[in-house]
Every structure is written in structure tokens, then in C-alpha cells.
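User: Hi! Could you walk me through the fold in this one?
Analyst: Happy to, here it is.

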Amino acid sequence: MPDQPTMALPIVGPGASPARRRPGRTLTARAVLVTCAVALVSVLVTALVAVPLAVRGAERRDQEALAAQARLAADVLRVRPARQRDNAGDRLIRQLRQQQIDVYVVRGGQVDRRGLPAPLVARVAAGGNVSGRRLVDGQRRLVEARALPGGDGVVLTREVTAGPWRQVLRGLWLPLLAGLAAGAAAGLLLARRLARPIRVAADAAARLRAGDRAVRVPVEPPDEVADLAYALNGLAAALATSEGRQREFLLSVSHELRTPLTAIRGYAEALADGVLDADAVPATGRTVLAEAEHLDRLVSDLLALARLEAADFPLEPGPVDLTRLAADAERTWSDRCAAVGVPFRVEVPGVPVPAYTDPGRIRQVVDGLLENALRVVPPGAPVVLAVRPAGAGPAAGGVVEVRDGGPGFTDDDLAVAFERGALHQRYRGVRKVGSGLGLALAAGLVRRLGGDIVAGHAPEGGAAFTVRLPGDPYLARTSA
């Protein structure tokens, strides 16, 4: 088979340095860019709104000024005699033209020069006033017309000024520059405020990765930063608790492994040195075999726990009659219990109790629970295996219960009953204990089978373990 190309993956470890920061990719740079963009948009939007208002205000002022001059011109021409009116009108026209205002005089319905639209002249001759913008000589201009008696009138026109636009646009660069400077300053302050808790959290995460479980992040506002701090602090506490339990578990497992190994080694050395009599060799062999079996069970439990969460853990679920399973267990455990003076009782209904599970694995769970019970009950105290339906219908599933008359558990024990090595650590040296793995293995198996297991107090005075198993899906479909 030809070699397949491989992709080199980066190695990230406790000592690995973060990737080199690129300009424009940091939080500070992005915050500055965003705030500058906001300032720029604000200035431009303000300009788009303010410039038309300023232009309209300037044009209104120009129109009002032109209207005042038109009224003045009309008053001058209205009150003077004909000869004086012509002289005063000529002087007024020269003065207004010096102010870049064009003056048209209407006499007897006729304008003195071309340029004004005919409807405008007709309206003035008819005695009407005009104010606004009109086309004068092909250009749009400000117009103020005032009628005089006898079909006369005066019309003043002025160019529409473009000054406000140029003036506002020339003054726009200063607020724009000020807005950009304010945006950059605000962006720097905002970025520092936002980046500081992120840097603190990154440093704390790096210390956690390096193995420092005492690290804590200060909790401070805003709420999002406080949530991040709570999450990191909770993670550090959970890691410390988990590693503490792992250490305790490894210590207890090491102790359990050392006990049979010490016995095997001692007897092996005695056999090798020839200090045992021939009559003692069979008993020694049986002791070594028992310790080896104990060691094998312990290693098997460890391997099963390690494989339990794997995707390829072998399971073969199918329809199982729990009543028959209890009968099979009774044949095995009644003799074992009777050998140590412990009454064994089976409580089953008179009908089958169907469930959908792996028969081998659920029997492994039952055997483990019964072995735990038999280990702790004193002679004369009962061990009970009970089976009952989980509900009224045939597809409701079933319940398997193991109870005993032993010392039982406290309420605190029930909370940690299925944690690896928890009860072993509490009761080692106080009463008979196993490897500390059996209950954890039973709970893991039940969960993989789709059921649940709980620990409680038994009416017999000891502990009770209740396993609830799912029903047969085929029965559920047929009953529906």
C-alpha cells in the first residue's frame, strides 16, 4: 500500500508561545478603527443634515434682504414725481447693481430691458407682487417684484449664491479631524478596558494549562467579564477537585494492587527458597491462585471502566425476561450466601417482566451488586434480589432491586455512591470494602444500557440499589 501524505500538525504544549500578533488583528486596533469609523460617519451624517439647512437659511436671508430692497425701491419710485422718480430710480439702480442686484423697471406694462419672463411682467403690470425663484435670462435667480400704480413696477433679481456650500465644506475638515482624534482616543481607552480582563483570563488559562490549580480570576463588571471570571474560576476548582479524586483513586487502587502482589510475592519467595513443607504446597497454591484471581478482577474492572465510555464498547441489547434472569441468579447466589450464613431471597411477580437490555451486561451488574452486598452483610442478615415491572404496560420496562441488611449508607454516602473509590476511601479499615470500582462500573453499564441506577436505604436496614431498564421497543409499537 503506498504511503499516504501526512499533514504536520502544530504541537501546542504548556510552553508553546502564542501566535505572532498581526497589525489590525488585535482588539485594540479593531476598537480604534471602529470608533474612528463611527466618528467619521457621525461627522458626515451631521454634514449631510446641517449643510442643506445652512444653505436654505442663507437663501432665506438673501431672499428677505432682496425683498427689503425691493420694498425700498418701490417706496422711492412711488412717492416721487415723474422727473424726480427717474433721477432717483437711476441712482437706486446704480447702487443696487453695485451690490450685484439687477433691477428691471416696468412702465405701462412694458419692461425696460429683456430677460424677465412674460408672465412675471404681466403679473406685475396687473398689480401683483412676486417673491421667490424664477428663470431670468435663462438662469435661476432670486426674484422680488413690487407693483406700482398705473401698471408700473420694479423687479429685483439676484444670483442664487453657492457660498454656504463652499463655506460649510471648507469648515468640515476641522470637525472631521477632531472626530477622528476623539474616536482614536476613545478606541484606545475602550480597547484597554475590554482587553485587560481578556488578557487576565488568557494568563489564568495558561497557568491552568501549566498545572497551577490555585489560580483565580478577579470578578469585576461588566456582566460578561464577570461571567468569564466565574467560568474560569469554576473550571479551576473543578480541575482541582477532579485531580484530587484521581489522586485518591490511584492511591486506593495502588493499595489494592499491592495487597495481592505482596501475598503472591511472599509465597513465591517461600516456594523458591524451599522453606515450605510438601504438605503446605497445595494450600499455598490455592492462596496464590485466590490472590491472582483478586488481582485479575481488579485489572478487569479497571479495563472495563476505561473502555466504558468508548464508542466501540460491546453491547448486544435485546428482549430480556427479568424474572428468568432473577431465577438464574438465584441458582448461583443462594449457595454462596448459604455458605456464609446469609439468607438469600428472591422477590419476583408471577408473570414475566420484559425489558430491552444486554442480558450479559445486566447480569454483570446484578452479580456486582450482589457481591458488594454479600461482602458487607453480617451472618443472619438478608440479601434480597427483587424484580418488578416499571409500569402498567408491557413496554414500560422493568426494575431490578438489590437490598441487604448490612450497615447501609448515610445520606452523604448516597450522594457519592457511584463515584470511583469514594466509598472505598471512606470505609477502608472500618468495614470490608472492595476495590472501589464495582459501583462505578455498575452505574456506567446501566447508563450505557439506557437505564438509570439509584442508591437508597433498604427496609431490611442496609443499602438498596434500584436499576430501572427500558422496555422493548417492539412491544411498544405493537401495543400502540
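Analyst: We'll take the sheet and then a helix pair, keeping in mind that this is a predicted model.

User: Sounds good. What is the strand order in the open sheet?
Analyst: The five strands are arranged β2-β1-β5-β4-β3, and their pairing is antiparallel.

User: Which strands stand at the edges?
Analyst: Those are β2 (110-111) and β3 (130-136). Each has a single partner strand, so one side of each is left without a neighbour in the sheet.

User: How many bridges join β1 to β2?
Analyst: Two bridges, with β1 covering residues 102-107 and the two strands running antiparallel. Arg 107 sits opposite Gln 110 of β2.

User: Nice. Which helix lies across the strands?
Analyst: Helix α3, residues 118-125, lies across β1, β2, β3, β4 (139-148) and β5 (152-159). Relative to β4, α3 runs at about 20°.

User: Switching to the helix pair: at what angle do α9 and α12 pack?
Analyst: The angle is about 155°, and the axes of α9 (residues 359-376) and α12 (residues 438-448) are 10 Å apart. An angle over 145 degrees counts as roughly antiparallel, so α9 and α12 are roughly antiparallel to each other.

User: Is the crossing left-handed or right-handed?
Analyst: α9 and α12 cross in a left-handed way.

User: And which residues make the contact?
Analyst: From α9 they are Arg 361, Gln 364, Val 365, Leu 369 and Asn 372. α12 contributes Gly 438, Leu 439, Leu 441, Ala 442, Leu 445 and Val 446.

User: How do those divide into nonpolar, polar and charged?
Analyst: In the contact of α9 with α12, seven are nonpolar, three polar and one charged.

Methods: Residues numbered from 1 in each chain as written. Predicted model: local features only at pLDDT ≥ 70, side-chain atom pairs only at ≥ 80, totals over all residues. Heavy atoms only, no water. Pairing = 2+ DSSP bridges. Helix = DSSP H or I, 4+ residues; strand = E, 2+ residues; numbered from the N terminus. Contact = heavy atoms within 4.5 Å. Axes fitted to C-alpha atoms, helices over the stretch in contact; angles between N-to-C directions. Parallel < 35°, antiparallel > 145°, perpendicular 65-115°, else oblique. Left-handed = near helix turned anticlockwise from the far one by under 90°. Nonpolar A, V, L, I, M, F, W, Y, C, P; charged D, E, K, R; others polar.
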